[in-house]
There are 2 protein chains.
Amino acid sequence: MPRSSEASTESEGARTKSARTRRRLLDAAASVLSEKGFSGTRLTDVAEKARMQAPAIYYYYPSREDLIEEVVFVGAAAMRAHLVEALEASAGRPPAARIAAAVEAHLRNELQLSDYSRAMIRNANQLPEHVSRRALAEVAAYNDLWRTLVADLAAAGQLREDIDPSAARMLVLGALNWAAEWWDPERGSIEDVIRTAQSMVLHALRP
Amino acid sequence: MPRSSEASTESEGARTKSARTRRRLLDAAASVLSEKGFSGTRLTDVAEKARMQAPAIYYYYPSREDLIEEVVFVGAAAMRAHLVEALEASAGRPPAARIAAAVEAHLRNELQLSDYSRAMIRNANQLPEHVSRRALAEVAAYNDLWRTLVADLAAAGQLREDIDPSAARMLVLGALNWAAEWWDPERGSIEDVIRTAQSMVLHALRP
């Protein structure tokens, strides 16, 4: 049945092309959102970056908010996946070494690897609830991983007793998140930022 | 000339009332903007909080953006004024004590004293350039004060040599700024956050 088989191949080709276009659209949206923020993200800019016509976006996403919802969810999931990977790679090492690995994973994903993650960090807290819900659930799971890291440090007797563990965790994550606001690859190397952040975080936490 | 004098008193009364309403409007805008962000700040919500009709806002500000521009500028100027005051009060004290005072000034103004400052911190980097220009000039001056604080610490031989001073300053300011995203007066006392932040910052910077 050559005809049927041909049709099937054709439709698979169309699906692949559609998936590629969808991915290009999401990539473009992540890039624009990470730079311009929620209110500044215009579909015409996203379409231009994705090399497509703006109305064609609605073939893939019913609304601007649906597109942005997907971007911030993917960004939050990437942060978590990247941290899980770093923690697996440093399994069995001392708590301080695992925290250093987590600092590096956070900064590298935010600043270097993922427009999606940078877009999520810069915007998730100010989106309408239905746009941020899935992303914020990932962020909560991410925070839980950090809570364990700090608890492990405390269990090893290496968390200073004059600091509040919960505030300490959030201050560390804040320092890392805010790097999206100021770090500029042209101003300095990401390796310097990572090294400085690792050193500061460990000195800030340990006796 | 009782008539003229009366008229003058009346018009002064009107000016005072107008200034009070304008202030109430700005306060309301700062509160809404600090919670909802730029894209979520609707004039109807601002008007309701200010106990006025939405169209009356245009008597005071030609546009939503003009209103928000004023809020973030006032917020940035308040951060700087509050820091200058704290530094004057700690003049002559050791660099580390002045940094501790600056940490407290930042957090207190951001979390406790000023909706304007919290609104500025959460939004200034994602506003259209013409809306954020005056605020960001204040932020640059604020950063210069911190640059001096870190330089003074270094001059006293109390900045660790394995950290980059510029990245260190921005990581500290990021930790403080991000507190606007998570601190909740119902979850814990601001004094605990200030104490933890002061201790972490000084341990992060000093040998």
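This passage walks through how the two chains of a predicted model fit together and what lies inside them.

The relation between the copies is a good place to start. A turn of 180° with a shift of 0.0 Å along the axis lays chain B on chain A, with an RMSD of 0.0 Å. Such a relation is that of a two-fold axis. Both copies use the same surface, as 100% of the contact residues of chain B recur in chain A.

Turning to the interface itself, chain B and chain A each bring 33 residues to the contact. About 3,200 Å² is buried between chain B and chain A, and carbon and sulfur atoms give 61% of this area. Three residues, B:Gln126, B:Leu171 and B:Trp178, supply 24% of the area that chain B buries against chain A, more than any other three. Between the two chains there are zero salt bridges, while 12 residue pairs are in polar contact. On the side of chain B that touches chain A, two or more residues come from each of the helices α1 (2-40), α6 (115-123), α8 (165-182) and α9 (190-205). Of these, α8(B) gives the largest share, with 12 residues.

The interior deserves a look as well. The largest nonpolar core has 134 residues, and A:Trp146 and B:Trp146 touch the most other members. Beyond the residues up to four places away in sequence, B:Trp146 touches B:Leu83, B:Ile99, B:Ala102, B:Val103, B:Arg169, B:Val172, B:Leu173 and B:Leu176.

A last stop is A:Ser132, which sits in helix α7 (residues 129-155) of chain A. A:Ser132 counts as buried because its relative accessibility is 3%, under the 20% cut-off. Outside its neighbours within four places in sequence, A:Ser132 is in contact with A:Ala124 and A:Leu127.

Terms used
Residues numbered from 1 in each chain as written. Chains lettered and ligands numbered in written order. Predicted model: local features only at pLDDT ≥ 70, side-chain atom pairs only at ≥ 80, totals over all residues. Heavy atoms only, no water. Core = buried A, V, L, I, M, F, W, Y, C linked by side-chain atoms within 4.5 Å. Buried < 20%, exposed > 50% of the residue type's maximum accessible area, 1.4 Å probe, protein only. Contact = heavy atoms within 4.5 Å. Helix = DSSP H or I, 4+ residues; strand = E, 2+ residues; numbered from the N terminus. Least-squares fit on C-alpha atoms with pLDDT ≥ 70 in both. Buried area = accessible area lost by both parts, 1.4 Å probe. Salt bridge = Lys/Arg side-chain N within 4 Å of Asp/Glu carboxyl O. Polar contact = N/O pair within 3.5 Å; in protein donor to acceptor, adjacent residues only side chain to side chain.
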